[in-house]
Amino acid sequence: MEMCDPNPFSTYNHRVLLVCLATGTLAAFFDLRVAFLPAAFVFGWSQIGGA
Amino acid sequence: MSLLGAITPLGKVAHARSQWLQCVWAYIGSGAVSATIVGLSLGQIGYWLGRGYTTNKLYFVSLLSLLLAAREWGWINFRLPERRSQTEKVWAHQFGFLVASAMWGFHIGLGFATWVMFGGFFTLVALAVVIGSPLYGGILMFVYWLGRGLPVLCAPNLVASPSVAAELPATILRTRSLYRRITGFALIWSCGATLLAALRTR
């Protein structure tokens, strides 16, 4: 029987991580300060797990 | 504690929807204010310590990110310098949900006032000090807070019923290791990004 993941954020966790870090990586070639803004968003998002 | 468990069920009840929305915006808005104030302060401290990021400062942030990543991946174990307490649930009874939501947001937005749990926050703190710009520190912590606040805003649209919403914190806590790994990935990225920047400033 297939089990459904009850965490409603599970669809978005990896997308947030990948999109933010990809954006940050592109920005890192130009400006470190801008690059860290998407990473900051990821750090904030992951605090869901400390709820 | 976050608003996920406290008020997400309100967002699933049609007649309480406007109350839920007010509470969420009070939470996100007040948290944005306190997070930005903390970021501005960190940037100002960095400015006083010496403006501009040097190679050595970037190596420090890189090493710190690596240590914190190792902690999140379970390779090493140490306590974060955090205040081991949650925000005050009793505020809801003392002040009502709307005011309490604003107070919770402000309290949690301070960052240092409650559990931090994962190490990413401290990389941001270090970076805000190293960059030494109050404006940048404020923006950095504001974006961090947006990441914390957005799930609270989205949650009612992602759960099926008020009863499921009430169980949300417990459901998420069962997958805490996933968030630890996500933080670990982002910390390894931070290590690499600051290392790259350090090598470029040499």
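This is a short talk about a structure with a chain A and a chain B, starting with the whole chains and then visiting a few residues.

Hi everyone, and thanks for having me. Before anything else, please keep in mind that we are looking at a predicted model.

Let's begin with chain B. How many helices and strands does chain B have? The count is 10 helices and zero strands. If you walk along the sequence, the pattern reads α-α-α-α-α-α-α-α-α-α.

Now for the overall dimensions. The C-alpha trace of chain B spans about 60 × 35 × 25 Å along its principal axes. Here is a nice check you can do yourselves: a compact globule of 202 residues would have a radius of gyration near 17 Å, and chain B comes out at 18 Å, so the two agree.

What about contacts along the sequence? Take the contacts in chain B between residues at least 6 apart in sequence: 78% of them join residues at least 24 apart.

On to the surface. Chain B exposes about 9200 Å², and carbon and sulfur atoms supply 67% of that area. Of its 202 residues, 50% are buried. As for charge, chain B carries 16 positive and 4 negative side chains, with the centres of the two sets 10 Å apart.

Chain A deserves a moment too. Its secondary structure is two helices and zero strands. Chain A has 51 residues, of which 55% count as buried. The area that chain A exposes is about 2600 Å², with 69% supplied by carbon and sulfur atoms.

So where do the two chains touch? Let's go to the largest nonpolar core, which has 71 residues. Which residues have the most contacts inside that core? They are F9(A) and F36(A). Look at F9(A) on your screen. Within its own chain, F9(A) touches W45(A) and I48(A). Its partners in chain B are L4(B), P151(B), A155(B), L158(B), L168(B), I172(B) and Y179(B). Residues up to four places away in sequence are left out of that list.

One of those partners, P151(B), is worth a closer look. You will find P151(B) in helix 7, residues 134-158, of chain B. Is P151(B) buried or exposed? Its relative accessibility is 1%, and buried means under 20%, so P151(B) counts as buried. Besides F9(A), P151(B) is in contact with W45(A), I48(A) and L4(B), again leaving aside neighbours within four places in sequence. Follow the chain 12 residues from P151(B) to S163(B), and the two C-alpha atoms are separated by 18 Å.

Helix 7 of chain B also holds G147(B). This glycine has 0% relative accessibility, so it counts as buried. Apart from neighbours within four places in sequence, G147(B) is in contact with F41(A), G44(A) and W45(A). You may remember W45(A) from the contacts of P151(B).

Two more stops, both in chain B. V33(B) is in helix 2, which runs over residues 17-49. With 44% relative accessibility, V33(B) counts as partly exposed. From V33(B) to I45(B) is 12 residues in sequence and 18 Å in space, C-alpha to C-alpha.

Our last stop is M117(B), in the loop between helix 5 (97-109) and helix 6 (120-131). Its phi is near 70°, a positive value in a residue other than glycine. M117(B) has a relative accessible area of 12%, so it is buried.

That's my tour. Thanks for listening!

Conventions: Residues numbered from 1 in each chain as written. Chains lettered and ligands numbered in written order. Predicted model: local features only at pLDDT ≥ 70, side-chain atom pairs only at ≥ 80, totals over all residues. Heavy atoms only, no water. Helix = DSSP H or I, 4+ residues; strand = E, 2+ residues; numbered from the N terminus. Rg over C-alpha atoms; globule rule 2.2 N^0.38 Å. Buried < 20%, exposed > 50% of the residue type's maximum accessible area, 1.4 Å probe, protein only. Contact = heavy atoms within 4.5 Å. Areas by Shrake-Rupley, 256 points an atom, 1.4 Å probe, with all protein chains shown as cover. Lys, Arg positive; Asp, Glu negative; His and termini not counted. Charge placed at Lys NZ, Arg CZ, Asp CG, Glu CD. Core = buried A, V, L, I, M, F, W, Y, C linked by side-chain atoms within 4.5 Å.
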